[in-house]
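Good morning, colleagues. Please take a moment to look at the sequence and the structure on the screen before I begin.

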Amino acid sequence: MEIARLPLLTIVTFFPAIGILILLLTNKEKTNFIKLTANIVSAINFLISLLLVVYFNPSAEGFQFVEKVSWVPSVGINYFMGIDGISLLLVLLTTLLSFISVLCSWGGITERLKEFYILLLLLEIGMIGVFVSLDFILFYVFWEIVLVPMYFLIGIWGTYNKLYAAIKFFLYTLFGSVLMLLGILALYFIHGAETGEYTFDAVKMMSHNFDPRVQFWVFLAFFFGFAIKVPMFPFHTWLPDAHTEAPTAGSVLLAGILLKMGTYGFIRFSLPILPDASRKFVPLMVLLSLIAIIYGALVSLMQKDWKRLVAYSSVSHMGFVMLGMFAMTPVALQGSVLQMINHGISTGALFMIVGIVYDRRHTRLISEYEGLAKVMPLYSAVFAIMMFSSIGLPGLNGFMGELSVLVGTFQVKWEWAAIAATGIVLGAAYMLWLYQRVMLGTIKNPANEKMQDLNLREFLQFIPLIILAFWIGIYPKPFFKIMEKPIYKVVERVNPEALKAPAKIPLKIFPSGEKDVK
Amino acid sequence: MLNDLASISSEIFLSFVLIAFLIVDPFLKRKKIIHFLSLFSLTISFVLLFLEPLSESLFFNTLKVDQFSLFFKGIIIVSSFLVILLSEKFLEIEQANLTEYYFFILLATVGMMFMASSVDLITIFLSYEIMAIASYFLSGYLKKENRSNEAGIKYFILGTLSTGIFVFGFSFVFGLTSSTSLSSIAENIKNFSDSPIALLAILFILSALFFKISAVPFHMWTPDVYEGAPTPVTAFLSAGPKATSFAIFLRLFLEAFPSFENKWKLVIAWVSFFTMTYGNIAALTQKSLKRMLAYSSIAHAGYILIGFTAGGEFGYWGILFYLLAYIFMNISAFGLILFLRKGNSWGEDIDDFNGLSKRSLLLSAGIVIILMSLVGIPPTGGFIAKYLIFSSAIKEGYVALAVAGVLNSALSLFYYFRLGQALFMKEPSEEIKYEPDSFVSMAITFSILALLLLGILPAPFMSLAKISLLK
C-alpha cells in the first residue's frame with residue numbers, strides 16, 4: 001500500500017515536466033531522441049495514471065487521492081487536488097489521448113520538433129491539472145495554462161489560415177475565462193461573508209447554499225467560461241477554424257480533451273455549487289444544446305473539407321453531452337459523462353484518420369478522394385469502426401452514451417429526446433455520406449492510386465481507441481460504476497426530485513448489483 | 001535630529017554618490033567604471049533601506065518613513081538598478097556621455113525616494129521636481145536624434161504645465177487650511193466639504209496626477225515621449241516614476257483628502273474605465289513595439305485605478321502588488337528592443353522580432369512569459385496582480401468596472417500576442433541582427449524570474465505588500 005500514499009495526482013500532473021526538461025537540454029538536431037523521449041514520457045504517464053484506477057475505490061464517497069497544501073494562506077488559496085469517478089475517467093482519457101497524439105505526430109511533424117513536443121507535454125500538464133484541481137484558483141491557473149501551448153501548436157504547425165485560427169481560439173476562450181474568474185471571485189467573497197471562512201476551496205462551496213440571485217449571476221459568469229469552451233451554440237465559431245487548421249495532434253487534443261474541460265466545468269462546479277440557478281437555466285441550456293445538435297449536424301452535411309466536417313460534428317456531439325447534463329436525471333448524467341469519453345475516443349480517432357491522408361496528400365478536400373478503400377483496406381476498416389462509433393451503432397461506445405442521454409432526457413420531456421434523436425439520424429447521414437464519398441467507389445484521381453495503407457505505427461495508435469470503443473459498447477458497466485457515486489451526489493444536490501420518484505423513473509439502466517439508492 | 005538622518009540614510013548615501021560623480025568625473029580615464037559604481041551604490045542603498053528605522057515624523061513633519069515608503073523605495077531602487085543594466089550597451093553604441101546619464105538616473109532615483117516618504121506639500125513638490133527635471137533631461141538625452149529632442153521638449157513643456165496645475169491646486173489647499181502638512185490638511189479640510197474651492201483644488205491635483213500616471217484624458221504625451229526617448233530611458237520612465245506617482249497619489253488622497261472620498265472616487269472610476277479602454281484600443285493597431293507598450297502602459301494605469309476606485313483592503317493591496325509586478329514587466333518588455341539592431345538603429349518594430357525563436361528559443365520563451373504577465377495569464381506576477389485588483393472591485397461592489405477590466409485585459413491579448421506571433425510564426429529577416437548582451441540579458445532574466453516567482457510563490461510578496469499598506 002506504499003504507492004497509495006504517494007502524491008499520485010501531483011505525480012501524474014507534473015510528470016511530463018521531466019520530459020520538458022530533458023527536451024529543453026537536448027540538441028534540436030537529435031530528432032529521433034526527441035521523439036522517443038516525448039513518447040516514452042507520455043507513455044509512462046499513462047501507465048502512472050493507471051495506478052489511479054488500481055487504488056481508486058468506486059464505492060467510496062467524496063474525493064480520493066486528496067492532496068491539500070496551503071499555497072497563499074492570506075487569501076485562502078490552497079494547492080488542493082483530488083478526484084472522483086468523473087475526473088478519474090477524464091484524467092485517464094487525457095493521459096491516453098496525450099500519448100496517442102504524441103505518437104501520431106511521429107511522421108506528420110517534420111520541423112521544429114523540439115518545440116512541438118515541449119508544447120504537447122506542457123499541454124498535458126495543463127489538461128490533467130484542470131481535471132484534478134479542487135481549488136478554484138489552482139483550477140483557473142491550469143485552465144489558462146492550457147491556452148498558451150495550444151495557441152502555439154495551432155499557430156506554428158497549423159495549415160493555411162493558422163494565424164487567424166490561433167488567435168481566434170485564444171481570444172475567444174480568454175474572454176470566457178476572465179468572466180469566469182469574476183464569478184469565482186464573487187463566490188469567494190460571498191462564501192466568505194456568509195460563513196466567515198474566505199477560501200477558494202470548491203468542495204466547501206459545494207456544501208454551501210448560496211442565495212439564488214447570487215447563483216444566477218455567477219452561473220452566467222461560469223456559463224461564458226464553460227460554454228465557450230464546450231462550445232455551445234452561439235459561441236462555437238472558434239471551433240471549426242481552430243480544429244481545422246490545427247496539426248493532427250492539436251485537433252485530437254482539442255476535440256478529445258479541451259472541449260471536455262467546458263462540460264467538466266459545468267458538472268463539477270456549476271451544477272453542485274449553483275443548483276438553483278442551474279435549474280432555472282435548464283430551458284435555455286436545453287434549447288442551446290438542441291440547436292447545437294441539429295445545427296452542427298446540418299452544417300456538417302454541407303462541408304467540402306473533411307476535417308471541417310469532423311469539427312462541426314463535434315458541435316453536434318457536445319450538444320448531446322450538454323443535453324444529458326441539463327436533463328439532470330441520473331441516467332442522463334451518466335450518459336452525458338460517458339458521451340464525453342466517447343466523443344474523445346471517436347472524434348480523436350476521426351481526426352487522426354483525416355491526418356493520415358492529409359500527411360500523404362496534403363489536401364483535405366473531400367472531392368480529392370474517392371475509392372480509398374481499394375488501396376487502403378486496413379485504413380478503411382479502422383475508419384468504418386470509428387465512424388460507426390461516432391454514429392452510435394449498437395455494440396460500439398457511441399450507442400451506450402447516446403442511449404443513456406436519450407432515455408434520461410425522455411423521462412423529463414419526450415419532445416427534447418425526439419428532437420435530439422433526429423440529430424442522431426442526421427449524424428448517420430453526414431458520416432455515412434462522407435464515408436461513401438471518400439472510401440467507396442472507384443479511384444478516379446491518379447494521385448490516390450499509390451496511397452499507402454496504414455503502417456504498423458499508425459495502426460497501433462488506433463488499437464487502444466478501438467478496444468475502448470468495443471469495450472464501452474459491449475460491457476460499459478465498469479465505466480458506469482466508476483461514475484455512479486459522484487453523479488448521484490450531483491443529482492442529489494441539483495435535482496433531488498429525480499431521486500425521489502423511483503417508480504416512474506428508473507435510476508439506472510445498468511444496475512451494478514448493489515441495492516438501488518432510494 | 002541625528003535619528004532623523006538615520007531614517008533617510010539610503011537617500012543621503014545616494015546623494016553623496018551623486019556629488020562624488022561630479023567631482024570624480026573629470027579625472028576618470030575609463031568612464032565605464034561609473035556604470036559599475038552606480039550599480040554598486042544602488043545595491044548599498046538597497047541594503048541601507050533595511051537599516052532605516054521607521055519614523056512617523058521626520059524633519060518637522062515633512063517626511064515619514066513607514067512600511068509604505070520603504071516598499072516604494074525598494075521598488076524604485078530595483079527598477080533603477082535594472083534600467084542601469086539595460087543602459088550600458090545602449091550608451092556605448094550611441095556614444096553618449098556616460099557620467100551625466102548615470103547622474104540623472106540616480107538623481108531621479110533620489111527624488112523619487114524622497115517623494116515616497118513625503119508627507120508635506122512642499123517636500124512633495126520639491127521631490128517631484130527633482131525627479132521630473134532629471135526625466136526631462138534623460139528623455140532628450142540623445143542630442144543628435146530628432147525624435148529624442150522632440151520627446152525631451154514635449155515632456156518638458158507638458159510636464160511643467162502639469163506641475164503648474166499641481167502647485168495651483170496646492171495653493172488652494174493651503175489657502176483653505178493654512179497648512180502644508182498632509183495630516184493637518186486632512187483635519188482642516190473636513191470643514192470645507194461643500195466648498196467649490198476645495199473641489200477645484202482636488203480636481204487640479206487629480207489632473208496633475210493623471211498626467212503623471214498617463215491616464216486619459218491627460219495621456220497624450222505618453223506615446224510620443226516613450227517612443228522618442230532613448231529605450232533604456234523609456235523603460236525607466238515607465239517603471240520608477242510611474243510607481244512613485246501612484247505612491248504619492250495614494251498618500252495624498254488617503255492621508256489628506258479622505259473626507260472627499262466619495263467625490264474623487266467617482267472621477268477616478270470613470271477615468272479608470274476610459275483609460276484602460278482607450279489604451280487597449282489604441283494599442284491594437286500599433287506597429288512599433290515602443291508605441292504599443294506605451295499605450296499598454298496607459299491601459300495598465302487604468303487597471304491600477306480600478307483598485308483605487310474600489311479601495312478597501314484589497315484595492316490598495318492590489319495596487320502595491322500590481323506596481324511590484326509592473327516594473328518587472330515593463331522594464332523587461334522595453335529592454336527587449338536592446339537585443340535587436342537594424343542597420344544603424346534598433347529593432348523597435350514588432351516585425352523586427354520576426355522569427356526570433358529560430359535564433360534564440362530560450363529568449364523567445366522568456367518573452368512569452370513577459371507577455372503572459374502583461375495579459376494577466378497565470379502563473380505569472382501579472383495574474384496575481386490582476387486577481388487582487390479585480391477582487392477588490394468585486395468585493396466593494398464595482399462589478400461593472402470589474403467586467404470592463406477583465407474584458408479589456410482579454411482584449412489586450414490580441415496586441416501583446418502579435419509579438420508572440422512574430423517570434424514563433426514568422427520568418428526572420430536578414431536585415432535584423434540579434435546581438436545579445438550580458439548586462440541586458442541579466443536584467444531581462446532577472447525580471448522574468450521575478451515574474452514567475454511572483455506568480456508561482458506569491459505568498460511572501462503578497463504579505464510584503466499587505467504590511468506596506470498605508471495605515
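**A sheet, a chain and an interface**

Let me start with chain B of this predicted model, where an open sheet of three strands runs in the order S4-S3-S5 with antiparallel pairing. Strand S4, residues 345-346, and strand S5, residues 432-434, occupy the edges of that sheet in chain B; each has a single partner strand, so one side of each is left without a neighbour in the sheet. Strand S3 of chain B covers residues 340-342, and its antiparallel pairing with S4(B) rests on two bridges. Within this part of the sheet, B:Lys342 stands opposite B:Ser345 of S4(B). As a general reminder, strands of a sheet pair through backbone hydrogen bonds, in either the parallel or the antiparallel sense.

I turn now to chain A. Its secondary structure consists of 22 helices and two strands. Is the overall size of chain A what a compact globule would give, or not? For 518 residues, a compact globule would have a radius of gyration near 24 Å, and the 22 Å of chain A agrees with this. The C-alpha trace of chain A spans about 70 × 55 × 45 Å along its principal axes. Of the 518 residues in chain A, 59% count as buried. If we take the contacts in chain A between residues at least 6 apart in sequence, 80% of them join residues at least 24 apart.

Next, the contact between the chains. How many residues does each chain give to it? Chain B contributes 26 residues and chain A contributes 25 residues. On the side of chain B that touches chain A, the elements giving two or more residues are helices H16 (361-375), H17 (381-395), H18 (399-425) and H20 (459-467) of chain B. H18(B) supplies the largest share of that side, with twelve residues. By character, the residues on this side of chain B comprise 20 nonpolar, four polar and two charged.

I shall close with one of these helices, H16(B). At 1.5 Å a residue, its 15 residues should span 21 Å, and the end C-alpha atoms of H16(B) are indeed 21 Å apart, which agrees. Is H16(B) enclosed or not? Twelve of its 15 residues are buried, so H16(B) is largely enclosed by the rest of the structure. Among those buried residues are B:Leu363, B:Ser364, B:Gly366 and the residues B:Ile367, B:Val368, B:Ile369 and B:Ile370. After H16(B) comes B:Gly376, which has a positive phi, near 100°.

How values were computed. Residues are numbered from 1 along each chain as its sequence is written. Chains are lettered from A and ligands numbered from 1 in the order in which they are written. This is a predicted model: local features need pLDDT of at least 70, side-chain atom pairs count only at pLDDT 80 or more; totals for chains, interfaces and linings use all residues. Two strands pair if DSSP finds at least two bridges between them. Helices (H or I, at least four residues) and strands (E, at least two) are DSSP runs, numbered from the N terminus. The radius of gyration is taken over C-alpha atoms; the globule rule is 2.2 Å times the number of residues to the power 0.38. A residue is buried if 20 or more other C-beta atoms lie within 10 Å of its own, exposed if 12 or fewer, and partly exposed in between; C-beta atoms are placed from the backbone. Two residues are in contact if their C-beta atoms, placed from the backbone, lie within 7 Å. Ala, Val, Leu, Ile, Met, Phe, Trp, Tyr, Cys and Pro count as nonpolar, Asp, Glu, Lys and Arg as charged, and the others, Gly among them, as polar. The expected span of a helix is 1.5 Å times one less than its number of residues.
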